[in-house]
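Me: I've got a model open and I'd like to learn how to read it. Can we go through a few features together?

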Amino acid sequence: MTSPGPAALVIVANRLPVDQVSEPDGTTSWRPSPGGLVSALEPVMRENDGTWIGWTGGRDDRMEPFEADDLDLVPVTMTAQEVEEFYEGFSNATLWPLYHDLVAKPEFHREWWDSYVSVNRRFAELAAEHAAESATVWVHDYQLQLVPQMLRELRPDLRIGFYLHIPFPPAELFQQLPWRRQILEGLLGADLVGFQLPGAAANFVRLVRQRVGHKTHRDLIYLPDGRTVRAGAFPISIDTAGYEELARSEAVVERAAEIREALGDPRKVFLGIDRLDYTKGIHARLRAFGELVRDGHFDVEDAVFVQVAVPSREQVEQYRLLRDDIDRLVGHINGDYGRIGRPAISYLHSSYPREEMAALYRAADIMVVTPYRDGMNLVAKEYVACRHDNTGALVLSEFAGAAEELRQAYLINPYDINGMKSALVGAARADDKELARRMRAMRKTVIQHDVAAWADDFLTELNDGDLTHDKVVRPARRL
Ligand code: G6P
């Protein structure tokens, strides 16, 4: 194994863009993970000899840098204790619920914070080691908010961008965090801080003004050392063409037909696909559907709800409780209203490859996305990308970032169960013309603004901000 040379572009994210797979002969290998971020950044990485720094998901697996599918990867090691305190603890039991409007109660523990600081430092040191002179470093998400400042101290020559994939909370909530000032200062190490929505960028600028006392003007923050930091909205998207191509492929079309047949060829297939997370509103949506079946609006002979729940963060208590709650609810609904071979809810606790997801999107008449709070929600956009014939309905929470772009969805408030029920009935009864009108408009949005455009916008803004910078990373689509 050879260590990659200094890189002109370094991506720093909590996870590496690969999954470990076990081969039949007992060896293991790495396969690119199906996430949108990798497909967005892969072309830019190749153009700029990029390196990706991230965690493999393991414990104590001291690995050397390696190459997978031509990508230079630098693994970050975490001990079992760090996984518990940095990842499960501070990242996912403190920041995650706090940044998602306190949908669950955040826990504050000083030892979790200490671990957050030391793991962030490890990421920053590796980035400093692998970045070429004047390189661009793009740091991602809530797990790594201290990296920009730590990295700037080590390497003032770098251009540093930070992007938050999840919501950034209003000041009233953020200020509960005992380490609020350190997080704001950590982020201010970046030249550009990107968020999903303009409201989040405005929350950040206001907090910096109030809590750190820096001068601000619109989206600019003026630091005492003369640097200017910009905060802006860059709504993330998906590989629209890739999904559409998949959805048109013969294999996916056949698989979609197979799925409908296996479900007993109902008239209406409802679909939910989420990580099993309490922010996603899975319980409320299944309850709404159960009540509609109970009240006779839908009959299990001609309607079914397919819910895919992808296992996630299973060591964190709130996630375990949620799993039990959903298991119980599905059991009740199916026990009360199902018939032989006809459950009201077809519940799958598993993750699936992109092809199977595309087939599910093709098979579903009504996609139901009901988070209490969500940075963007890419599932909503993936569904739209797969409906190239302008069929299908999207029921979407107004609290998902995607609702700011997909205005023609059936927008709902997930706290309002009756409102959600009306939307499900409305979407199921709408005529084809109405559905096509809505879908056409939503498709226009995701086609025009795909994930490549997102990466392009962010990197252009990051690199054009200061023309004195000599090495400018160019987004791949411009080359
Ligand atoms: C969200 C976060 C990502 C995270 C992903 C999966 O999309 O924004 O940073 O990687 O969830 O969660 P996990 O904890 O498995 O990395």
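**Reading the model, piece by piece**

Reply: Sure. Let's start with Arg227, which sits in the loop between strand S11 (220–222) and strand S12 (228–233). Keep in mind that this is a predicted model.

Me: Is Arg227 buried or exposed?

Reply: The general idea is a cut-off: a residue counts as buried when its relative accessible area is under 20%. Arg227 has 18% relative accessibility, so it counts as buried.

Me: Which backbone oxygen does the side chain of Arg227 reach?

Reply: That of Leu188, at 2.6 Å. Leu188 also turns up among the residues in contact with Arg227 once neighbours within four places in sequence are left aside; the others are Arg152, Gly189, Ala190, Asp191, Ile221 and Tyr222.

Me: Let's try another loop residue. Where is Ala104 found?

Reply: Look in the loop between helix H2 (80–99) and helix H3 (110–130). Use that cut-off of under 20% again: Ala104 comes out at 8% relative accessibility, so it is buried.

Me: And what does Ala104 touch, not counting residues up to four places away in sequence?

Reply: Pro97, Tyr278 and Gln318. You can also check a spacing along the chain: Thr94 is 10 residues from Ala104, and their C-alpha atoms are 9.6 Å apart.

Me: Now a helix. Which residues of helix H6 are buried?

Reply: In H6, residues 180–187, the buried ones are Ile183, Leu184, Gly186 and Leu187. Look down the axis of H6 and these buried residues fall within an arc of 160°, so they line one face of the helix.

Me: What about the ligand? Which residues are around it?

Reply: The residues around the ligand are Arg15, Tyr87, Asp141, Tyr142, Gln143, His165, Ile166, Arg275 and Arg313. Sorted by type, that shell has three nonpolar, two polar and four charged residues.

Me: Which polar side-chain atoms should I look for beside the ligand's oxygen atoms?

Reply: Check the distances between atoms. Arg15 has a polar side-chain atom 2.6 Å from an oxygen atom of the ligand. For Asp141, the distance from a polar side-chain atom to a ligand oxygen is 2.5 Å, and for Gln143 it is 3.2 Å.

Me: How much of the ligand's area does the protein bury?

Reply: Start with the ligand taken alone, which exposes 380 Å². The protein buries 70% of that.

Methods. Residues are numbered from 1 along each chain as its sequence is written. This is a predicted model: local features need pLDDT of at least 70, side-chain atom pairs count only at pLDDT 80 or more; totals for chains, interfaces and linings use all residues. Side-chain values use heavy atoms; hydrogens and water are left out. A residue is near a molecule or strand if one of its heavy atoms lies within 4 Å of it. A polar contact is a pair of N or O atoms within 3.5 Å; within protein, one must be able to donate a hydrogen and the other to accept it, and residues adjacent in sequence count only if both atoms are side-chain atoms. Accessible areas come from the Shrake-Rupley method with a 1.4 Å probe; for residues, only the protein chains shown count as cover. Ala, Val, Leu, Ile, Met, Phe, Trp, Tyr, Cys and Pro count as nonpolar, Asp, Glu, Lys and Arg as charged, and the others, Gly among them, as polar. Buried means under 20% relative accessible area, exposed over 50%, partly exposed in between (1.4 Å probe, protein chains only). Helices (H or I, at least four residues) and strands (E, at least two) are DSSP runs, numbered from the N terminus. The arc is that of the directions from the helix axis to the C-beta atoms. Contact means heavy atoms within 4.5 Å.
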